[in-house]
Each structure stands twice: as C-alpha cells, then as structure tokens.
Amino acid sequence: MSSVVYIPQDIEEEGKNYLLERGYQLRIGSDLLPEVLTKEVKDCDAVLTRSIAVINKEVIQAGKKLKVIAKYGVGLDNIDIEAATERGIYVTNTPEANANAVAEHVIAFILSLSKSLISADRELRSGNYASRHQLTSIDLEDKTLGIIGLGRIGKLLAQKAAKGFGMKVIGYDPYLTAGSMHDLDIVPNIEELFKNSDFISLHLPLTESTKGSIGSREFSWMKTSAYFVNASRGGIVRENDLVEALRTGEIAGAGIDVFEVEPPDADNPLFQLDNVIVSPHSAALTKEASVRMAVHAAMQVDLVLSGKKPQWAVNDPLTKELST
C-alpha cells in the first residue's frame, strides 16, 4: 500500500501532482477543526500543511505513522515542533520559495505609503482633482529603511531598496553583531533602528521571545514622519499600541499584511484608519511563490518517505534537537 499524505488545506495542483507522480495517495482535509484534524491524520505517513491548520501535540500524537510534517511556507508557529521531534518526526519548511514575493510586497507597501496612492485614488474618484496639491508624497531616494530580522527576506529587501531606490538601509537582528553587510549597515540595538528609520519593516519569526515585543515603547522611538510595515507575523506587534500610535499621529502610517487574530474581525480598528494600507496575509502568495511552496513542501515529503534527509529540516528527530 502506498504512503498517504494528508493535506489539511488544499494546495496548488503542481504540488499534488509531484506527489501523485511518485505514487503517493493524497488525503485533502474536509475541515480545519481540531477534532477533524486528529481524526483524518490517523493513518497518514505525512502532513503537508499551510498556516491555518494547527498541527499541535494532539494532532501529532494521533498521527501514529507520521514521519514528516512539511510546511507550505516559512513560519512554523502553527506546528508543535518539540512534540514532533520527540516523536521522531521531521518538520520542514520552504525557505527559498517566497522570499522574493514578500520582499516585493513590502516594497509595494512602501511605495503606496510614500506616494499616498490610496488617498490619491480615493480623492480623485470622489471628484477632488485638487488633491494633487493637498496630498503629500515623498521620494524614497536617500531615505532610511530599517529592517528588523535579517534572514532571506530581510536581506533581499535590503538589496531591492538600496539598489533599486537608492535608499540607505540599516538592520537589526538579535543574532548578528553590529557591522556592515551587502547593501546595509547592522546597528547594535533595536532602539537605534527605530529612531533613525523613515520606514521600518519587520521580519522576525513568531516565538515566545518575540510575541508582543513591538509596542508603544518602540513606536514612541519613531519619527512622526516614519512608516511601519509588518509582513511577518501579527502576534509580534501589540496591535492596540499600533492603532494608538497611528490615531495620535505618533507615526505617519503603516502597511499591515498580518494580524494578531487571523482572520481579523471586520471591525478591526486598523481598517478605520486612512493612514493604513492592509492586505490579507497574502504577501507570500504570488502565483509563482505559491507553486514553489507547494512543490518544495512536496519535495520534503518525498525525501523523508524515501528514507532520505529532507533539504529544509528545522529539527533533527534523530538527535531530538531543534535547528531553528
């Protein structure tokens, strides 16, 4: 009997075809409720999951035959990696699939905010042609972009901002010391980055140490003319503090792709603010990146079920160690 791959939330055909062509059976999930996940995973050899399905300890324990949990995407906050490691199950992600898509999305936010594009569109549609003299826009050249988290996305964003728009780029990463890298200078502490940036883009994973780590103190450090962008994880930012900073003019505006609660409530106060542009956690979901995430995740499943070591493991179930 061929191995069964459980896909709680459907993925692109290219990823499914990769598995089908190699003889695997696919089980597409019927619902993302915890009780459904634990029931449907029981006789499966692998899970290929997106961000919404919560693969917690109970789900992992229910999957008696599981050998690998492959994440479609990079963030791993919906997977209990420790529980998987204890069970001898590989956890993988797709770090090379969507970095460019997210970096481009951040650039789109920065361009929209700096050129007041949303306001200009709204005003002109309402008949206010005079808004061309009323709305403010700014050049990006020589402005400072501060990047928090210098992984693949952060470094790629720095390259695009510096080489494409002539921006000065500074960065902060808790795992890197101050100094110079290609296209950016690393500052010694996050306060310096917040105080000296015209735009700030957040690119940290959601962990116990980063959860709620950006709030009123950090926003108070920002210039009143500066903009904040988050296309990483909503839980890193205290959303109420962000709303207050935007309402009071403590910061100029924000581009937000991720939220503390997803999907966000329809009456989320961010949606009521004119100095905010939002998107539905879609920065990584270009057509090209979506296909890459599906195929790259399927590749990891095939490697493990073929008895090989996966290319992008975030743990080592043989030594019971996490590599993230």
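The dialogue below works through selected features of a predicted model.

Trainee: What should I keep in mind about numbering and confidence before reading this model?

Mentor: Residues are numbered from 1 along each chain as its sequence is written, and side-chain values use heavy atoms, with hydrogens and water left out. Since this is a predicted model, local features need pLDDT of at least 70 and side-chain atom pairs count only at pLDDT 80 or more, whereas totals for chains, interfaces and linings use all residues.

Trainee: Which spans does UniProt list as domains here?

Mentor: UniProt positions are given in the numbering used here, feature names are shortened, and annotations may be inferred rather than shown by experiment. The unreviewed entry annotates residues 9-315 as "domain: D-isomer specific 2-hydroxyacid dehydrogenase catalytic", and over that span the chain is 36% helix and 15% strand, with end C-alpha atoms 23 Å apart. The UniProt record also gives "domain: D-isomer specific 2-hydroxyacid dehydrogenase NAD-binding" for residues 107-283, a span that is 32% helix and 18% strand, with its end C-alpha atoms 11 Å apart. Helices (H or I, at least four residues) and strands (E, at least two) are DSSP runs, numbered from the N terminus.

Trainee: How many residues of strand 6 are buried, and which way do they point?

Mentor: In a regular strand the side chains alternate between the two faces of the sheet. In strand 6 (residues 144-148), Thr144, Gly146 and Ile148 point one way and Leu145 and Ile147 the other. Burial is read from relative accessible area: buried is under 20%, exposed over 50%, and partly exposed in between (1.4 Å probe, protein chains only). Because 5 of the 5 residues of strand 6 are buried, this strand is largely enclosed by the rest of the structure. One of them, isoleucine 148, counts as buried because its relative accessible area is 1%.

Trainee: Which strands pair with strand 6, and over how many bridges?

Mentor: Two strands pair if DSSP finds at least two bridges between them. Strand 6 pairs in the parallel sense with strand 7 (residues 168-172) over 5 bridges, and leucine 145 has valine 169 of strand 7 as its bridge partner. Between these two strands the chain passes through helix 8 (residues 152-165), forming a right-handed β-α-β crossover; right-handed here is the case where, with the strands pointing away from the viewer, the path from the first strand over the helix to the second runs clockwise. Strand 6 also runs parallel to strand 10 (residues 199-202), to which 4 bridges join it, and there isoleucine 148 has leucine 202 as its bridge partner. The C-alpha atoms of isoleucine 148 and glycine 171 are separated by 5.8 Å, although these residues are 23 apart along the chain.

Trainee: Where are the residues with a positive phi, and are they buried or exposed?

Mentor: Aspartate 142, which is not a glycine, has a positive phi of about 75° and sits in the loop between helix 7 (131-134) and strand 6. Aspartate 142 counts as exposed because its relative accessibility is 63%. Histidine 281, also not a glycine, has a positive phi of about 50° and is found in the loop between strand 13 and helix 12 (287-305). With a relative accessible area of 23%, histidine 281 is therefore partly exposed.

Trainee: Which residues does the cis peptide bond join?

Mentor: The cis peptide bond joins glutamate 262 and proline 263, with omega about -5°, and proline 263 lies in the loop between strand 12 (253-256) and strand 13.

Trainee: What lines the second largest pocket, and what lines the largest cavity?

Mentor: On a 1 Å grid over the protein atoms alone, a cavity is a set of points where a 1.4 Å probe fits but cannot get out, while a pocket is an open set with protein on both sides within 12 Å along at least five of seven lines; lining residues have an atom within 4 Å of a point. The second largest pocket is lined by 15 residues, of which Leu113, Ser116, Ser119, Asp274 and Asn275 lie nearest its centre. Helix 6 (117-125) supplies at least two residues of that lining, as do helix 5 (99-114) and strand 13 (276-278), and helix 6 gives the most, with 3 residues. The largest cavity is lined by Phe228, Asn230, Gly234, Val237, Glu239, Leu242, Ile256, Val258, Phe259 and Leu270, with strand 11 (227-230) and helix 11 (239-247) each supplying at least two residues.
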